[in-house]
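Please open the structure in your viewer and keep the sequence panel visible. The tour below proceeds selection by selection.

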Amino acid sequence: MKLKTISELPECRLLVEGSPDREISKVFCCDLLSIAMSRIPGGSVWVTVMGNKNTLAVATLMDVPCIVLAEGISPDQGMISKAEEEGIAIYTTELPVFDIALKIHEAGIS
């Protein structure tokens, strides 16, 4: 599935575009940065409630092209600036973590 497919989900609001044609292979849900850093597969959509620059650092390190902030979490300005610099997409949604992860998976991740 292409990253831009997430933009088609009415529950998601795009904040930083990233690389819309990048292929996404998995959805990963985790709020502990240390766990994410050791287990998130590259090419994943990362669903979390951690809306800060440290999340972006882990995403960059692990080659994660997209972060979806669930539960109505808004990113801080440092996160937005760093995402634009690194080319990482950021979406936000009011849905709980599990619900949005399931919708993304159903949208086309095989």
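The stops that follow cover one threonine, the nonpolar cores and the salt bridges. Please bear in mind throughout that the model is predicted.

**First stop: Thr93**

Select Thr93, which sits in the loop between β5 (89–92) and α4 (97–106). Is this residue buried or exposed? Thr93 has a relative accessible area of 2%, so it counts as buried, the limit being under 20%.

Next, display the polar atoms around the side chain of Thr93. A polar atom of that side chain lies 2.8 Å from the backbone oxygen of Glu11. On the backbone of Leu95, the nitrogen lies 3.2 Å from a polar atom of the Thr93 side chain.

Now extend the selection to the residues in contact with Thr93, leaving aside its neighbours within four places in sequence. Glu11 appears again here, together with Val68, Leu69, Ala70, Glu71, Gly72 and Ile100.

**Second stop: the nonpolar cores**

As general background, nonpolar side chains in soluble globular proteins tend to be buried together. Select Ile6, Val45, Val47, Cys66, Val68, Tyr91 and Ile104: these residues have the most contacts inside the largest nonpolar core, which has 18 residues. Which elements give two or more residues to this core? They are β3 (44–48), β4 (66–69), β5 and α4. Of these, α4 gives the most, with four residues.

Centre the view on Ile6. Apart from its neighbours within four places in sequence, Ile6 is in contact with Met1, Cys12, Val45, Cys66, Tyr91 and Ile104. Then move to a second core, separate from the one just viewed and made up of 17 residues. Val16, Ala36, Val64 and Met79 are included in this second core and may be selected as markers.

**Third stop: a salt bridge between separate segments**

Over the whole structure, a search finds six salt bridges. For one of them, select Glu23 and Lys2, whose side chains meet with an N to O distance of 3.1 Å. Glu23 belongs to the loop between β1 (13–16) and β2 (26–29), whereas Lys2 belongs to the segment before β1; the pair therefore ties together parts that are 21 residues apart in sequence. Both partners may be coloured by accessibility: Glu23 is partly exposed, with a relative accessible area of 44%, and Lys2 is also partly exposed, at 33%.

**Fourth stop: helix α3**

Finally, select helix α3 (residues 77–86) and show the side chains of Lys82 and Glu85, which lie three residues apart in it, about one turn of the helix. A salt bridge joins Glu85 to Lys82, with 3.2 Å between the closest N and O atoms. Glu85 is exposed, with a relative accessible area of 60%, while Lys82 is partly exposed, with 26%.

Add Glu86 to the display. Lys82 also forms a salt bridge with Glu86, and here the closest N and O atoms are 3.3 Å apart. These two residues of α3 are four residues apart, about one turn of the helix. Glu86 counts as partly exposed, at 33% relative accessibility. With the three side chains in view, which residues are joined into one network by salt bridges that share partners? The network consists of Lys82, Glu85 and Glu86.

Technical notes:
Residues are numbered from 1 along each chain as its sequence is written. This is a predicted model: local features need pLDDT of at least 70, side-chain atom pairs count only at pLDDT 80 or more; totals for chains, interfaces and linings use all residues. Side-chain values use heavy atoms; hydrogens and water are left out. Buried means under 20% relative accessible area, exposed over 50%, partly exposed in between (1.4 Å probe, protein chains only). A polar contact is a pair of N or O atoms within 3.5 Å; within protein, one must be able to donate a hydrogen and the other to accept it, and residues adjacent in sequence count only if both atoms are side-chain atoms. Contact means heavy atoms within 4.5 Å. A nonpolar core is a set of buried Ala, Val, Leu, Ile, Met, Phe, Trp, Tyr and Cys residues joined through side-chain atoms within 4.5 Å. A salt bridge is a side-chain nitrogen of Lys or Arg within 4 Å of a carboxyl oxygen of Asp or Glu.
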